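Subject: The structure I promised you

Hi,

Here is the structure we talked about, so please open it and keep it beside you while you read. My notes on what I found come right after it.

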Amino acid sequence: GGLDPGSRARIGQVPADAPEFPRAQTLLLLDAKARRDDAARDRAMTTLMSVPENRYNPALLVEQAEIAVERREWATAREAARKAEQHWARLPSELVWSRKALMYELQALANTGRFYDSEGEDRGALQAAIRDWERYRRHVTTKDRSDLVARADASLARLREIEGRLAGGAP
């Protein structure tokens, strides 16, 4: 969010065949995200994902999944997070734990959203959400992150309560 308009314009003029093009577009993406400029973020993401090798970049796929969750595009979010998970080994070692946590969380959020949007009809989405939150919880307990464990616990409690009501036939 610290780029001034002139810097954004200069970075945006980096040619697609330049070696620094991916970094330039990534800077524009992160700047737009920090400024909450959805249109600029979308342009940068579209440009980045148009490069074939970026379609398997787990860091970019996580960003794509986050955008999809914000837009309530559950299938897109699940697919991008799943694909990011498949390619997590491409991440720098210092990012593996945090990005895997985000991958698991985004899958859980996507399935939770899918269930809520179905107004309780999609029991498969409910089961998938519970499984995803459980996996997220297992992952975040490997570090001293009680805030993330609490987030998982709250989501699991809410979903399990719904599951119990649906199983018991309660309204």
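Before we start, one term: a residue is called buried when its relative accessible area is under 20%, and exposed when that value is over 50%. Please also keep in mind that this is a predicted model.

**The whole chain**

The protein chain has eight helices and zero strands, so its pattern along the sequence reads α-α-α-α-α-α-α-α. Of its 171 residues, 42% count as buried. Along the principal axes, the C-alpha trace spans about 60 × 30 × 30 Å. If you take the contacts between residues at least 6 apart in sequence, 55% of them join residues at least 24 apart.

**Helix α3**

Let's put that term to use on α3. Its buried residues are Ala-40, Arg-41, Ala-44, Met-45, Leu-48 and Met-49. Why do they sit on the same side of α3? Because they cover an arc of only 155° around the axis. Arg-43 and Thr-46 are exposed, and they are carried by the face of α3 turned away from its buried side.

What do the buried residues of α3 pack against? The answer is α2 (21-35) and α4 (58-70). You can also check the length of α3 yourself: it runs over residues 38-49, and at 1.5 Å a residue its 12 residues should span 16 Å. The C-alpha atoms at its ends are 16 Å apart, which agrees.

**Helix α2**

Now turn to α2, which has 15 residues. From first C-alpha to last, α2 reaches 21 Å, close to the 21 Å expected at 1.5 Å a residue. Phe-21, Ala-24, Gln-25, Leu-28, Leu-29, Asp-31 and Ala-32 are the buried residues of α2. Look down the helix axis and you'll see these residues fall within an arc of 170°, so they line one face of α2. Their cover includes α1 (5-12), α3 and α4. After α2 comes Arg-36, whose phi is positive, near 60°.

Over in α1 you'll find Ala-9. Is Ala-9 buried or partly exposed? Its relative accessible area is 41%, so Ala-9 is partly exposed. The C-alpha atoms of Ala-9 and Leu-28 are separated by 9.6 Å, with their positions 19 residues apart along the chain.

**The largest pocket**

How much space lies in the largest pocket? About 250 Å³. Its lining is made of 16 residues, and those nearest the centre are Thr-26, Asn-57, Ala-59, Leu-60 and Leu-95. Two helices you have already met, α2 and α4, each supply at least two residues of this lining.

**Helix α7 and its surroundings**

Next comes α7 (residues 123-140), with 18 residues. Its reach from first C-alpha to last is 26 Å, close to the 26 Å expected at 1.5 Å a residue. At its N-terminal end, α7 is capped by Asp-122, which has a side-chain oxygen 3.2 Å from the backbone nitrogen of Gly-124.

The buried residues of α7 are Ala-125, Leu-126, Ala-128, Ala-129, Ile-130, Asp-132, Trp-133, Tyr-136, His-139 and Val-140. They pack against α6 and α8 (146-168).

One residue of α6 (residues 96-117) deserves a click: Asn-111. Its relative accessibility is 6%, so Asn-111 counts as buried. Which residues does Asn-111 contact, leaving aside its neighbours within four places in sequence? They are Arg-78, Ala-125, Ala-128, Ala-129 and Asp-132. Among the buried residues of α7 listed above are Ala-125, Ala-128, Ala-129 and Asp-132. The side chain of Asn-111 also makes a polar contact of 3.0 Å with the side chain of Arg-114.

Finally, have a look at Ser-155 in α8. Ser-155 has a relative accessibility of 6%, so it counts as buried. Between the C-alpha atoms of Ser-155 and Ala-65 there are 19 Å, and the two residues are 90 residues apart along the chain.

That's the tour. Try finding α3 on screen and turning it until its buried side faces you.

Cheers

How values were computed
Residues numbered from 1 in each chain as written. Predicted model: local features only at pLDDT ≥ 70, side-chain atom pairs only at ≥ 80, totals over all residues. Heavy atoms only, no water. Helix = DSSP H or I, 4+ residues; strand = E, 2+ residues; numbered from the N terminus. Buried < 20%, exposed > 50% of the residue type's maximum accessible area, 1.4 Å probe, protein only. Polar contact = N/O pair within 3.5 Å; in protein donor to acceptor, adjacent residues only side chain to side chain. Contact = heavy atoms within 4.5 Å. Expected span 1.5 Å × (residues − 1). Arc of directions from axis to C-beta. 1 Å grid on protein atoms, 1.4 Å probe; cavity = no way out; pocket = protein on both sides within 12 Å on 5 of 7 lines; lining within 4 Å. Points joined across faces, edges and corners; volume = space filled by probe spheres on them.
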